[in-house]
Amino acid sequence: MVVWGRLLVLGIFLVSLAGKVRSRQAFREFVTATGTLLAVGPGRARWLGLLAVVAEVAIVVLVAVPVTASVGFALAVVTLGGFGYALVRALRREKAAPCHCFGASETPVGRRHVIRNLVLIVAALAALGATFAGTPGGAEVPGVVIAAAAASVCMLVVVRLDDIAELFRPVAVRR
């Protein structure tokens, strides 16, 4: 469980971080979306955007090191909670800003983004609990391979959630 959680959280936050810092334009889009979602001015949005990037870097570093993984999981829970708060606030205000969680996106924030964050919070809490329960991190190759495969599939579903949802959207039929 700990290996799966570490790989999942590490992968999710690496992809999220890459989406935000791959270019100045991508970061500007993220900051603008943050300001729109939270209804704050450009100055505050820039600070919140920078704080999000710093938190994501810290999570990646902390989770990558076995000794500090539990601190990384806790920070992931807090960070995902903050992101979830921003999403819920935007939904309540009926703001149709796009979610730039994993880079450029035109998909407006929706309930599925809140649910996705809740699922990630539960996953990070489960991994955190496993570290405190003394569940072995697993050094056996088959276990690590299975954990890596499972984490990769989960990460792919989370990162491509909007695309997957689009596949199942009803198609309007013209007569």
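# Close-up views of a seven-helix predicted chain

**Figure 1. Helix H4 has the span expected for its length.** At 1.5 Å a residue, the 24 residues of H4 should cover 34 Å, and the C-alpha atoms at its two ends are 34 Å apart, so the two values agree. The model shown here and in the other views is predicted. Directly after H4 comes glutamate 94, with a positive phi of about 55°.

**Figure 2. The buried residues of H4 and their cover.** Buried positions in the N-terminal part of the list include Ala69, Ser70, Gly72 and Phe73. The list goes on with Ala76, Val77, Thr79 and Leu80, and ends with Gly84, Ala86, Leu87 and Ala90. An α-helix has 3.6 residues a turn, so residues three or four places apart point the same way. Which helices take part in covering the buried residues of H4? The cover includes H1, H2, H3 and helix H5 (111-132).

**Figure 3. Helix H2 and the residue that follows.** H2 is made of 15 residues, 24-38. From first C-alpha to last, H2 reaches 21 Å, close to the 21 Å expected at 1.5 Å a residue. Alanine 39 follows H2 and has a positive phi, near 55°.

**Figure 4. The buried residues of H2 and their cover.** Ala26, Phe30, Val31 and Ala33 are among the buried residues of H2. Thr34, Gly35, Leu37 and Leu38 are buried as well. Among the elements that cover the buried residues of H2 are helix H1 (2-21), helix H3 (42-64) and helix H4 (69-92). H2 is in turn included in the cover of the buried residues of H4.

**Figure 5. The chain around the close-ups, by fold and dimensions.** The protein chain has seven helices and zero strands, and its elements run α-α-α-α-α-α-α from the N terminus on. The C-alpha trace spans about 55 × 50 × 30 Å along its principal axes. A compact globule of 175 residues would have a radius of gyration near 16 Å; the chain has 17 Å, which agrees. Of the contacts with a separation of 6 or more, 71% are between residues 24 or more positions apart.

**Figure 6. Burial, surface and charge in the chain.** Of the 175 residues, 38% are buried. The accessible surface comes to about 10200 Å², and carbon and sulfur atoms account for 69% of that surface. The chain carries 18 positive and 8 negative side chains. How far apart do the centres of the two sets lie? The centres are 7 Å apart.

Technical notes. Residues numbered from 1 in each chain as written. Predicted model: local features only at pLDDT ≥ 70, side-chain atom pairs only at ≥ 80, totals over all residues. Heavy atoms only, no water. Helix = DSSP H or I, 4+ residues; strand = E, 2+ residues; numbered from the N terminus. Rg over C-alpha atoms; globule rule 2.2 N^0.38 Å. Buried < 20%, exposed > 50% of the residue type's maximum accessible area, 1.4 Å probe, protein only. Contact = heavy atoms within 4.5 Å. Areas by Shrake-Rupley, 256 points an atom, 1.4 Å probe, with all protein chains shown as cover. Lys, Arg positive; Asp, Glu negative; His and termini not counted. Charge placed at Lys NZ, Arg CZ, Asp CG, Glu CD. Expected span 1.5 Å × (residues − 1).
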